[in-house]
Number of protein chains: 2
Amino acid sequence: MADVNRGSNPLFLRDDDLREGIELLFFAYRDFTARPDAILAEYGFGRAHHRVIYFVGRHPGITVKELLAILKITKQSLARVLRQLVTKGFIEQHQGVQDRRQRLLHLTPRGEELEAKLTENQRSRIARAYREAGADAVAGYRSVLAGMVDDEDRERLNRPRPPS
Amino acid sequence: MADVNRGSNPLFLRDDDLREGIELLFFAYRDFTARPDAILAEYGFGRAHHRVIYFVGRHPGITVKELLAILKITKQSLARVLRQLVTKGFIEQHQGVQDRRQRLLHLTPRGEELEAKLTENQRSRIARAYREAGADAVAGYRSVLAGMVDDEDRERLNRPRPPS
DNA sequence: CGATTTACGTCAGCCATGTTGACATATATG
DNA sequence: CATATATGTCAACATGGCTGACGTAAATCG
């Protein structure tokens, strides 16, 4: 129990260290979503809308199926927020060309505007944390978090558009 | 736009890098909570119960007020899950000694059992990610996430019990 | 070509968990 | 004694998950 923790010793798996890691994730996520949530409320939207706007912005032309795989929610849950976003003019659906069953999703200019507004806040928060922590720390952040993500999505991370 | 990203160059704040950081947080959180959520469902509980059980376990004798400050939810929201946890015998409330208005919260043996079961899963997930990434990466993970947490809670992180 | 699968949508209802607002009680504090 | 604090409670509402059932159009398979 002596001093087997932080530093270069690879055996840092004390319960307290692990709990700190858990809490960091909880607090960071809590504070990371607070501002966007407040902005969304002004539009009558919620966090679910943000996720949809975010990933459609990130993957223009994404299909509903792909979006469902990312969000890991049911199509009924997605349909509800998607319908609102389409109705209010933030997202457009275009029929697929190769597969006409698909509804390819795109942000409208209005959607892009909101996306930028929402994500700007998170980008600047991350940017600040990155800057303060330094490049090596960023690499560590990335590799630890990537290690927590289930395999199926790990690949998605550095490859914005799946080969479709 | 050349190669100003990962490595030792401090100017890595490209939009894509920041977005990757955002997505890492989203995916890690999503996968981090999936298993505990499934276990909780067997007890008729949800994620909110987990958070209460977790922080009461982490800070035995915590007051309701302190717990509210950590969770950042309303007392009405907390009261609902707390009542269920007390009723079902997972948490005990003891009147404070110095301040008898307080209800100090403790896990019962049964509560500790569930806490262990839930958190074990997250601990092992973190432990694996820590092991695979290495000690330096862990330090980076900690410092970047800490930088994202609002000031008021940053101090809480390495100091399990506030001076109360 | 016909049967089946796939992509997507929709209706209905349920549950968990957040919110606001109002009010009550016991205790501490000035 | 007046006021502030810690806690609890009732009621109503919104968001965003879920299941189950059903429908349609288009692709794919045998």
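**Close-up views of the largest pocket and of DNA strand C**

**View 1. Classes of residue in the lining of the largest pocket.** In this predicted model, the lining of the largest pocket comprises 16 nonpolar, 12 charged and 3 polar residues.

**View 2. The space within the largest pocket and the residues around its centre.** The largest pocket holds about 720 Å³ of space. Its lining is made up of 31 residues, and those nearest the centre are A:Tyr29 and A:Arg47 from chain A, with B:Tyr29, B:Arg47 and B:Arg51 from chain B. Two or more lining residues come from each of α1 (15-42), α2 (47-58) and α4 (75-87) in chain A, and from each of α1 (15-42) and α2 (47-58) in chain B.

**View 3. The protein surface near DNA strand C.** DNA strand C has 26 residues around it, and A:Lys75, A:Arg101, B:Arg51, B:Ser77 and B:Arg80 approach it most closely. Of the strand's atoms within 4 Å of the protein, 55% belong to sugar and phosphate. At least two residues of this surface are supplied by each of α3 (64-71) and α4 of chain A, and by each of α2 and α4 (75-87) of chain B. By class, the surface has 12 charged, 10 polar and 4 nonpolar residues.

**View 4. Individual contacts with DNA strand C.** At A:Lys65, a polar backbone atom lies 2.7 Å from a phosphate oxygen of the strand. At B:His49, an N or O atom of the side chain lies 3.3 Å from a phosphate oxygen. At B:Arg80, by contrast, the partner is a base nitrogen, which lies 2.4 Å from an N or O atom of the side chain.

Technical notes
Residues numbered from 1 in each chain as written. Chains lettered and ligands numbered in written order. Predicted model: local features only at pLDDT ≥ 70, side-chain atom pairs only at ≥ 80, totals over all residues. Heavy atoms only, no water. 1 Å grid on protein atoms, 1.4 Å probe; cavity = no way out; pocket = protein on both sides within 12 Å on 5 of 7 lines; lining within 4 Å. Points joined across faces, edges and corners; volume = space filled by probe spheres on them. Helix = DSSP H or I, 4+ residues; strand = E, 2+ residues; numbered from the N terminus. Nonpolar A, V, L, I, M, F, W, Y, C, P; charged D, E, K, R; others polar. Near = heavy atom within 4 Å. Polar contact = N/O pair within 3.5 Å; in protein donor to acceptor, adjacent residues only side chain to side chain.
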